[in-house]
Amino acid sequence: MREKFNLETEYINELLELAERKLKDTISLYEFTTVINEKFSLEEKFELLLNLWRLIYVDERLDNYEDHLIKLIGGMLNVEHRYIIAAKLMVKEEISSGKDKD
């Protein structure tokens, strides 16, 4: 979040605390995806998926639960499966390209 949105640590911590409080009150992903579906364009949803894949690959590994979860989220956002996979492949390429520079 620091790099993507140019946020200071204080604001990142506030956002994380807010997210944790909201998560405790939330029953399902539906509450979040409904708002996103109402407010986001397809391009914004794709950018969100890119960022979710980036978050998942922060530890440079993908487990089955993470893979299933993001595909579930993408489906709930009414994004075609091929775009979910395209976002995944783009992020994997970013990671691969970043390693090549080291």
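Helices here are DSSP runs (H or I) of at least four residues, and strands are E runs of at least two. The model is predicted.

**Exercise 1. Describe the fold by its elements, in number and order.**

Solution.
- Step 1: Count the elements. The protein has 6 helices and 0 strands.
- Step 2: Read from the N terminus. The order is α-α-α-α-α-α.
- Step 3: Turn to the contacts with a separation of 6 or more. Residues 24 or more positions apart account for 58% of them.

**Exercise 2. State how much of the protein is buried, and what its accessible surface comes to.**

Solution.
- Step 1: Apply the cut-off for buried, under 20% relative accessible area. Of the 102 residues, 21% count as buried.
- Step 2: Take the surface. The total is about 7,800 Å². Carbon and sulfur atoms hold 56% of that area.

**Exercise 3. Place K45 and examine its charge.**

Solution.
- Step 1: Locate the residue. K45 sits in helix α4, which spans residues 42–56.
- Step 2: Check burial. K45 is buried.
- Step 3: Look for a partner. A salt bridge needs a nitrogen-to-oxygen distance within 4 Å. K45 has no salt bridge, and E44, the nearest side chain of opposite charge, is 8.7 Å away.
- Step 4: List the surroundings. Beyond neighbours within four places in sequence, K45 is in contact with I36, N37, F40, L77, N78 and V79.

**Exercise 4. Identify the residues of the negative surface patch, and place E10.**

Solution.
- Step 1: Name the members. E8, E10, E14, E17 and E20 form the patch.
- Step 2: Place E10. This residue lies in helix α2, residues 9–25.

Methods. Residues are numbered from 1 along each chain as its sequence is written. This is a predicted model: local features need pLDDT of at least 70, side-chain atom pairs count only at pLDDT 80 or more; totals for chains, interfaces and linings use all residues. Side-chain values use heavy atoms; hydrogens and water are left out. Patches are made of residues with over 30% relative accessible area and no salt bridge: like charges are joined within 9 Å, nonpolar side chains (Val, Leu, Ile, Met, Phe, Trp, Tyr) within 5 Å. Accessible areas come from the Shrake-Rupley method with a 1.4 Å probe; for residues, only the protein chains shown count as cover. Lys and Arg count as positive and Asp and Glu as negative; His and the chain ends are not counted. The place of a charge is taken as NZ of Lys, CZ of Arg, CG of Asp or CD of Glu. Buried means under 20% relative accessible area, exposed over 50%, partly exposed in between (1.4 Å probe, protein chains only). Contact means heavy atoms within 4.5 Å.
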